[in-house]
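Trainee: I would like a close look at a single part of this model. Please take one helix and follow its side chains to whatever they meet.

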Amino acid sequence: MDPTKIADGLLWFLAFLFSTTFHEAAHAYVAWRGGDSTAYHGGQVSLSPLPHIRREPIGMLVVPLITALTQGWAIGWASTPYGPRWESRFPRRAALMAASGPMANLLIAIAAFASLKIGLATGQFVSPAHATFEHLVEVPEGGAGAAILAGKVFSIFLMLNVLLFAFNLIPLPPLDGGSAIGLLLP
């Protein structure tokens, strides 16, 4: 197997692990602030991936590692517990909790996009002749290896989090959009 593909896959896995942890922690935090301490007591109001991995080891480790090492990109799933009685008593709070995960992914995507734009504006990056998901920018001739890695990491974070944001907002249960739609409907 190509070592570059393995390295890219591991970068995708790390980006997935961070992005999914941030996504689930956002759900847990908003639920906790909205009066449901279920996820808080499960340790999920945390940016540590460990409580999230303990809850969903197949979706957080096994499938993402397999896809990362075989396909060169990572995908998987996770979940955050919440009280069904809380959800039925406070549907608007539950809808905010559902929307908070995709919003966390949107924040990561915006930060990655801003980093790429700053790199382009300062001359650290240039537009490539051909772009891919992990290669949205390249470094000028004679650029440093750290800049190449940074461009790849920012590209992966941008693409992954835009995909997670859009996919999770599909208004079908069990996706977040299935509950978040309650913010838009009476």
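Mentor: What follows is a walk along helix α1, its aromatic rings and the core that it helps to form. The model is predicted.

Helix α1 covers residues 3-33. At 1.5 Å a residue, its 31 residues should span 45 Å, and the C-alpha atoms at its two ends are 45 Å apart, so the expected and modelled lengths agree. Just after α1 comes glycine 35, which has a positive phi of about 110°.

Now the rings. Searching the whole structure gives four aromatic pairs. In one of them, phenylalanine 18 and phenylalanine 22 have ring centres 6.0 Å apart and planes at 5°; the pair is stacked because planes under 30 degrees apart count as such. Both residues belong to helix α1, four residues apart, and about one helical turn separates them. Phenylalanine 18 has a relative accessible area of 41%, which makes this residue partly exposed. Phenylalanine 22, with 24%, is also partly exposed, the lower limit for that class being 20%.

Phenylalanine 18 has a second partner, phenylalanine 157. Here the ring centres lie 5.9 Å apart and the planes meet at 70°, so this pair is edge-to-face, the cut-off being over 60 degrees. It joins distant parts of the chain, since phenylalanine 18 is in helix α1 and phenylalanine 157 is in helix α7, 139 residues apart. Phenylalanine 157 is buried, at a relative accessible area of 18%. Through these ring pairs Phe18, Phe22 and Phe157 form a cluster.

The nonpolar core also brings α1 and α7 into one account. In soluble globular proteins, nonpolar side chains tend to be buried together. In this model the largest nonpolar core contains 24 residues, and Trp12, Met60, Ala74 and Leu160 have the most contacts inside it. Two or more core residues come from each of α1, α4 (57-71), α6 (91-121) and α7 (145-168). Helix α7 contributes the most, with seven residues.

Leucine 160 shows the contacts of one such core residue in detail. Leaving aside residues up to four places away in sequence, leucine 160 touches Trp12, Ala15, Phe16, Ser19 and Ala74. Trp12 and Ala74, both on that list, are also among the residues with the most contacts inside the core.

One further ring is worth a note. Arginine 93 sits over the face of phenylalanine 90, 4.0 Å from the ring centre.

Technical notes
Residues are numbered from 1 along each chain as its sequence is written. This is a predicted model: local features need pLDDT of at least 70, side-chain atom pairs count only at pLDDT 80 or more; totals for chains, interfaces and linings use all residues. Side-chain values use heavy atoms; hydrogens and water are left out. The expected span of a helix is 1.5 Å times one less than its number of residues. A nonpolar core is a set of buried Ala, Val, Leu, Ile, Met, Phe, Trp, Tyr and Cys residues joined through side-chain atoms within 4.5 Å. Buried means under 20% relative accessible area, exposed over 50%, partly exposed in between (1.4 Å probe, protein chains only). Contact means heavy atoms within 4.5 Å. Rings of Phe, Tyr and Trp (its six-membered ring) pair if their centres lie within 6.5 Å; planes under 30 degrees apart count as stacked, over 60 as edge-to-face and the rest as tilted. A charge sits over a ring if NZ of Lys or CZ of Arg is within 6 Å of the ring centre and within 35 degrees of the ring normal.
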